[in-house]
Amino acid sequence: MKLKFLGGCNEVGRSALLVDDKLLIDYGMRPSDPPGVPLGVESTAPESVIVSHAHLDHSGMVPSLMNSGKPPRVYMTSVTRDLTMLLGRDTIRVGKEEGMVFFDEEDIRRMNDCTHPVAYGERIILNSSDYEFELYNAGHIPGSASVYLRKESEDIRLFYTGDIKMDVTRLMESASPADFPPSDVLLIESTYYDREHRNRAEMEREFIDSIRETLDSGGNAIVPCFAVGRTQEMVMVLHSYGLTPYVDGMGLSVFNLFKNYPSFLKDAGAMNDAFDSARFVNSKRRKQVLSEPSVIVTTAGMLNGGPVLYYLKKIREDPKSKVLLTGYQIAGTNGRRLIEEGCVEANGEIVKVSAGVEQYDFSAHAGDSELKRLVSRFCKRGTEVVFMVHGERTGDFAMWTRANFGCEAIAPSNGEEFIIE
Ligand SMILES: [Zn+2]
């Protein structure tokens, strides 16, 4: 089995793995400015694509593969398919504004035609080849999956965690590693290697206290969130503490989409209740929403575009107002820049932000000890090769794995190829 890493190595973003030159697992886009795309973006013509989940850094470039005489078959859960189409249309809209077009509406339509929706636990045999695969709930966002792939002729098994979470959140049931099959090769995400998550309940209270303090002092609390997953989680958190947020941006469309898939959620009723009491904002009402103390949940989570930039510009010099980041900020994004340099770039303009900035960790990823337990679990059941991907410290994670389990552990580089025998 030949593995070629086209992206997502020593970085978070543009995840893409090519197996035997014909099967792609994920084909993402890094949400930096300009966006990062996988290597070989023009020459990749796979027969099949498996998409782990709908975040742009895993699915964002899949529509670009449809623009060929023989587009690939695409496999993903039904929620991931609908989300990928929604986000794909948004990418087209944003791309037109910024003169960066990777695909068009016709490609999105084709992707829909070429997609075979897959249920968790369903065994899929791929056409014209000797591979079969299954998806497992990855606990990360609705529809997210880990991929178990088997190549019959060489009797090699590969398990790709995708983005994975082993703890329950308000929105999601956790992944269940006890159900994962043994595998010869493991590809594991490394986002939180060497970083432990804080106690969730304690952090929620701190977050809520900070918002209440902002509202009491007459300020606005801006809560930037991914449209997919994080917006719904944060609206549920705020609702459970009796706070009523404004919701601006695509998180509302994603909520409407999630409503159609209650079986992919931990508690669809709780999500619906939280959104029933939230208030929705369109571009005409933004000014009004800021004219009174308010909490605003809005996209984009890493401040790369979206309505959040409007709010940031308005509150940037207001000492009573705050930006409460809700998760990890990828290198190269505006969110990272805000933390490190106290400014963001908005429409070509550098905007200094002197309002308060706080960062919380409402992560949908496994923390350090969960990642290590997962590696341990696989290695003890016969895994011989582990690839660390999707993180900024994959080399250290590989070293830790070698030292503890004596197996081959590799932090691949983008463009690198490996033959597994
Ligand atoms: Zn993700």
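## Overall architecture

Among contacts in the protein chain between residues at least 6 apart in sequence, 70% join residues at least 24 apart. The model is a predicted one, and its protein chain contains 12 helices and 22 strands. The radius of gyration is 21 Å, close to the 22 Å that the globule rule gives for 421 residues, so the chain is as compact as a globular protein of that length.

Along the principal axes, the C-alpha trace spans about 65 × 50 × 40 Å. Of the 421 residues, 51% count as buried.

## Domain organisation

The domain assignment divides the protein chain into domain 1 (2-195 + 365-419) and domain 2 (200-359). The centres of the two domains, taken over C-alpha atoms, are separated by 27 Å.

At the boundary, 25 residues of domain 1 are in contact with 26 residues of domain 2. On the side of domain 1 that touches domain 2, the residues divide into 12 nonpolar, seven polar and six charged.

## The six-stranded sheet

Strands of a sheet pair through backbone hydrogen bonds, either parallel or antiparallel. In this model, an open sheet of six strands follows the order β14-β13-β15-β12-β16-β19, with parallel pairing. Strands β14 (279-281) and β19 (356-359) stand at the edges; each has a single partner strand, so one side of each is left without a neighbour in the sheet. From one strand to the next, the twist averages 25°.

The pairing of β19 with strand β16 (residues 322-325) is in the parallel sense and extends over four bridges. Within this part of the sheet, Lys322 stands opposite Gly356 in β19. Helix α4 (residues 200-216) lies across β12 (220-224), β15, β16 and β19, and runs at about 165° to β16.

## The enclosed helix α5

Helix α5 (residues 230-240) is largely enclosed by the rest of the structure, because 10 of its 11 residues are buried. The buried residues of α5 are Arg230, Thr231, Gln232, Glu233, Met234, Val235, Met236, Val237, Leu238 and His239. The list includes Arg230 and Glu233, which belong to the charged class.

The elements covering these buried residues include α4, β12, β13 (246-248), α6 (251-258), α7 (268-277) and β15. Helix α4 and strands β12 and β15 thus recur here: α4 also lies across β12 and β15. Just after α5, Gly242 takes a positive phi of about 75°.

## Backbone geometry of note

Most residues other than glycine have a negative phi, and most peptide bonds are trans. Asp26 has a positive phi of about 65° although it is not a glycine. This residue lies in strand β3 (residues 23-27) and counts as buried, because 31 C-beta neighbours lie inside 10 Å. Asp155 likewise is not a glycine and has a positive phi, of about 50°. Asp155 is found in the loop between β9 (145-151) and β10 (156-160), and it is exposed, with 8 other C-beta atoms within 10 Å. The two aspartates therefore fall on opposite sides of the burial classification: Asp26 is buried, whereas Asp155 is exposed.

A cis peptide bond joins Thr299 and Ala300, with omega about 5°. Ala300 is placed in the loop between β15 (294-298) and α9 (308-315).

Notes
Residues are numbered from 1 along each chain as its sequence is written. This is a predicted model: local features need pLDDT of at least 70, side-chain atom pairs count only at pLDDT 80 or more; totals for chains, interfaces and linings use all residues. Helices (H or I, at least four residues) and strands (E, at least two) are DSSP runs, numbered from the N terminus. A residue is buried if 20 or more other C-beta atoms lie within 10 Å of its own, exposed if 12 or fewer, and partly exposed in between; C-beta atoms are placed from the backbone. Two strands pair if DSSP finds at least two bridges between them. Axes are lines fitted to C-alpha atoms, for helices over the stretch in contact, and angles run from 0 to 180 degrees between N-to-C directions. Two residues are in contact if their C-beta atoms, placed from the backbone, lie within 7 Å. Domain bounds come from an automatic or database domain assignment. The radius of gyration is taken over C-alpha atoms; the globule rule is 2.2 Å times the number of residues to the power 0.38.
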